[in-house]
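Dear colleague,

Please find the structure for your review below. My notes on two parts of it follow.

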Amino acid sequence: MSSPDEINRALSERMEQIVSTHYPNAVKSGASWNMGDLDGAAGKSTGIFRGKGGIYFAKDRATDESVNVLGLLHRALGGSWVETMTAAKKMCGINDVKAIAPKPKPKKPKLTCHSMRGTKPYAYLTERGIQEHTMSKYQLRRLTKEDLPPTRQLRWNDDYIRFPYVDSTGDVVMYKWMGVERQDGKKEIGSTTPQYATLWGHWLVDDNTKQILITEGEIDAMSVDQMCPNVPTLSMPTGASNLDWINNDYERLQQFEKILILTDMDSAGESAAQKIAKRLGLTRCFRVSLPSGYKDANDFLLSKEHDKPDFQTFLDSAKTYDPQQLRSASDYSSGVAEEIVRFELEQNSNNFIWPDLPFRFRNGEMTVVTGYPGSGKSQLTYQMVLHEMIVNERRVCIASFEIPAKNMLFNLLWMLTGRSPKAETIEEELKVFEDKLWFIESDEDNTASWNGLREDFHYANRRFGCDFFIVDALMHITKKGDAEGTDLVAKQAAKFCVNNDSSMVLICHADAKKRGSDHIPEVEDVLGGQGIGGAAHNVMSVWRNKEKERETESRGYPDDAKCDGKIYISKQRSTGNTVFRDLWFNKSTRTFFLDHDSSKMSKTYSQTTQSV
């Protein structure tokens, strides 16, 4: 499911259909409509018009009430907010991004617990300003040292606060506990295993909730709730250092139009807030800031400062991280520092599949991989992607319109293990792709388009943290002969990489009619228009030596002195390096290599992936 912002943009492109279907009394005037009220009565006091970001809004001039297009659809359809979003997603043809090997949810953990009242945990929380009704609302219980699993019994506490972690579907997935006594300033914190990252407090949210607040810790969440009980407040499970909960909670989080973020007022908290906002949506995430001298919400709750402001004022003044259009040079200082570190790292090592080849997939860059039909460009791309996943630990999302997912996985496993996959071990072998690989399945009822694919890529980037994307192939999301449209897609793909600090590979066919398949494709040979290569940060050509194959067929054995193909990198915007190397192909492992000794290359690659 996409976020409300994304669905609003997609719905705005279908405004004619929505108005004619659900608001027949509305009268069109240019690119706007007029009607009597927000429920569609006849009249002129309410206008429907395009606002910021191209999103349509409806405003009742009599009451000054306004709603966006998603809100307008919600009024027309009735039902819950979540049901409206599901219907809108179907209307817009937004596809699902599926994991190859999804991480299973743990079984409900078992843990004996006791009442809080009159205990050390109760006294501890009372001293922190947390009242009994709040402890009850957040389902707190007490644990003793004897209640903990034998392997989880800790060191110096006898009593612990138990925090229940219930996921967005209502299943108890984890219990977390915290000792109330500290030693040398350290807390005793533990949890049932396996751990399952999810926000704490999902039971406070229903299908019509449109706004939540997220804190860095449980006590902060309860502190906010006591000061502003009108906003459901949830807590991250393990502080600012781990954002894995975004993956597990992403679907539920998509229903919220506004997400307030109150992490600690330090550098780690600020960094976490920015990362959360980037993944959940810059326009709907609002950073809550506290006055100087306050570290967190509990610190503010306990403050005895005279005439301190009402906590609600901090929520009302929260700001988004939506980027400014006009910025000074000093605003880019941290970004330039990151580029310096990245440049120095590249000078010292190369993480490409072949370190001796001066090329790498850099975040913020789009690479075109081209070649004639049957040249092996997809095979080589997936071999490189396998290396990025296994060795460089990147998260990959593939939109393959030419190779079905099952065939793609068959090839990836063959390359990984150096042999044909076995049916009896396939489930175990697929686990290597857990939390590493996702794919997009095209809906047969909808023609693939760049706009829809871009939304799917945004989804994979924000929910799963994917930062490497594959489009196989460009011709399936553009119209034949539409050079201008194809150029625009290439430019937007490159912009997506820059804006989302990601890498993308566009696989494009080359035109063999221009100079013949015996020539290695140049940038201008890419089918669809020269603007594709112009927009790309890198262009890589893969060429297959069919003359050698014809000679092998006639003589019965290959001439190993001749290569099986070429890899030609004609453009690297970052370095300016041009690369032209011979390629060999090992049929038994289905992998390309640069070294003439294919058995050596196969062994080295297999050992590298297995060791990782």
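Which element supplies the largest share of the lining of the second largest pocket? It is strand β23, with four residues. The model is predicted: local features need pLDDT of at least 70 and side-chain atom pairs pLDDT 80 or more, while totals for chains, interfaces and linings use all residues. Residues are numbered from 1 along each chain as its sequence is written, and side-chain values use heavy atoms, without hydrogens or water.

The second largest pocket (an open set of 1 Å grid points where a 1.4 Å probe fits, with protein on both sides within 12 Å along at least five of seven lines; lining residues have an atom within 4 Å of a point) has a volume of about 570 Å³ (the space filled by probe spheres set on the points). Its lining numbers 24 residues, and Glu549, Asp564, Phe585, Asn586 and Lys587 lie nearest the centre. Eight lining residues are nonpolar, ten polar and six charged (Asp, Glu, Lys and Arg count as charged; Ala, Val, Leu, Ile, Met, Phe, Trp, Tyr, Cys and Pro as nonpolar; the others, Gly among them, as polar).

The other part is strand β8 (strands are DSSP runs of E, at least two residues, numbered from the N terminus). Eight of the eight residues of β8, 159-166, are buried (under 20% relative accessible area, 1.4 Å probe, protein chains only), so the strand is largely enclosed by the rest of the structure. Strand β8 pairs (at least two DSSP bridges) with β7 in the antiparallel sense over four bridges, Leu143 being the bridge partner of Tyr160. Seven bridges join β8 to β9, also antiparallel, with Phe163 opposite Lys176.

Kind regards

Terms used:
Buried < 20%, exposed > 50% of the residue type's maximum accessible area, 1.4 Å probe, protein only.
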